[in-house]
Amino acid sequence: LQIFSFHTGSLISRHNVEVNLTQENSEADLLGLAVLSDSQHCDNKTLIRHSVGHCTTRQIYKSILSGESRYVFSGKIKIAPGAQKASSEQLNKNLLISTKAEVNSEPQLEVEADDVKATHGSTVGQLSEEEIFYFKSRGISREKALDLLSFGFAADLVERIESKDVQKWLKEQLKKSFFKLSQ
């Protein structure tokens, strides 16, 4: 299973995903990207249940925020007592373009088996003025620098999408979204 959620145009959006792994050797990739500006708000909530062993899940959710936008990530992984040899990764990365943007991130693990690989993490950061200066010193505008750095931040998610047609469409949508970031 591969799920990709992309949030960019709504004033308020919420995306809930619940995955229940009930067959051994099941795999699920949950990918999400939010590019928000102005006063947009996005909630992403995930719940992954490893009910049996020998299953693999990967979650990567990213946000790029400008203006007074707000992003909330709440992800929970539950690994049941009998789900030995489960493997689960969860990561939430957030890039703040403005000082008024806000992120609330809650990655959570609930592990009841003892032979598993389970990781989770969250990062929130801003672009440094040194990064922007590097581009400007090479004749690239601040706006274009924000576009390039934001695309670089999102690129690994785009490349994970299996469909080349969806990748192409998403790259076009990202260009439109990044234009709003630099306004």
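Histidine 54 is partly exposed, with a relative accessible area of 38%. In this predicted model, histidine 54 sits in the loop that links strand E4 (41–50) to E5. Its backbone is a bit unusual to look at: phi of histidine 54 is near 60 degrees, a positive value in a residue that isn't glycine. Asparagine 25 is another non-glycine residue with a positive phi, this one of about 70 degrees. Asparagine 25 belongs to the loop between E2 and E3. With a relative accessibility of 61%, asparagine 25 counts as exposed, because the cut-off for that label is over 50%.

Stepping back to the whole chain, the protein holds 3 helices and 9 strands. Follow the sequence from start to end and the pattern reads β-β-β-β-β-β-β-β-β-α-α-α. How far does the C-alpha trace span along its principal axes? The answer is about 55 × 35 × 30 Å. For 183 residues, a compact globule would have a radius of gyration near 16 Å, and the protein's value of 18 Å agrees with that. Buried residues make up 45% of the 183 residues. Among contacts with a separation of 6 or more, 81% are between residues 24 or more positions apart.

Now for the sheets. One of them is an open sheet of 5 strands, in the order E1-E3-E5-E7-E9, with parallel pairing. Its edge strands are strand E1 (2–7) and strand E9 (117–126), and each of these pairs on one side only. Neighbouring strands here are turned by 5 degrees against each other on average, direction ignored. Helix H2 packs on this sheet, where H2 touches E1, E3, E5 and strand E7 (87–96). The direction of H2 makes about 150 degrees with that of E5.

Some of the pairings in this sheet can be followed residue by residue. E1 and E3 run parallel and are joined by 6 bridges. One spot to look at is glutamine 2, whose bridge partner in E3 is aspartate 29. On to the next pair: E3 and E5 are linked in the parallel sense over 10 bridges. Along this pairing, alanine 28 stands opposite threonine 57 in E5, while alanine 34 stands opposite serine 63 in E5. Is E3 mostly covered or mostly uncovered? Mostly covered, it turns out, as 9 of the 10 residues in E3 are buried.

The other strands to look at are the even-numbered ones. E2, E4, E6 and E8 form an open sheet of 4 strands, arranged in the order E2-E4-E6-E8 with parallel pairing. Strand E2 (12–21) and strand E8 (102–111) are the edges, each pairing on one side only. From one strand to the next, the twist averages 5 degrees. Strand E6 (residues 70–79) runs parallel to E8, and 10 bridges join the two. Lysine 76, for instance, has glutamine 108 in E8 as its bridge partner.

What about the inside? In soluble globular proteins, nonpolar side chains tend to be buried together. Here the largest nonpolar core has 21 residues, and those with the most contacts inside it are Leu33, Val35, Ile64 and Leu174. Strand E3 (27–36), strand E5 (56–65), helix H1 (129–136), helix H2 (142–160) and helix H3 (164–181) each supply at least two residues of this core. H2 gives the most, with 7 residues. Leucine 33 is a handy place to zoom in. Leaving aside its neighbours within four places in sequence, leucine 33 is in contact with Phe4, Ser5, Phe6, His7, Lys62, Ala154, Leu157 and Leu174. There is also a second, separate core of 17 residues, which includes Leu21, Leu36, Tyr71 and Val103.

Last come the cysteines. Cysteine 42 has a relative accessibility of 0%, so it counts as buried. Cysteine 55 is buried too, because its relative accessible area is 0%, and the cut-off for buried is under 20%. A disulfide is a covalent bond between the sulfur atoms of two cysteines. How many disulfides are there in the model? The count comes to 0, going by a cut-off of 2.5 Å between cysteine sulfur atoms.

Terms used. Residues are numbered from 1 along each chain as its sequence is written. This is a predicted model: local features need pLDDT of at least 70, side-chain atom pairs count only at pLDDT 80 or more; totals for chains, interfaces and linings use all residues. Side-chain values use heavy atoms; hydrogens and water are left out. A nonpolar core is a set of buried Ala, Val, Leu, Ile, Met, Phe, Trp, Tyr and Cys residues joined through side-chain atoms within 4.5 Å. Buried means under 20% relative accessible area, exposed over 50%, partly exposed in between (1.4 Å probe, protein chains only). Contact means heavy atoms within 4.5 Å. Two strands pair if DSSP finds at least two bridges between them. Axes are lines fitted to C-alpha atoms, for helices over the stretch in contact, and angles run from 0 to 180 degrees between N-to-C directions. The radius of gyration is taken over C-alpha atoms; the globule rule is 2.2 Å times the number of residues to the power 0.38.
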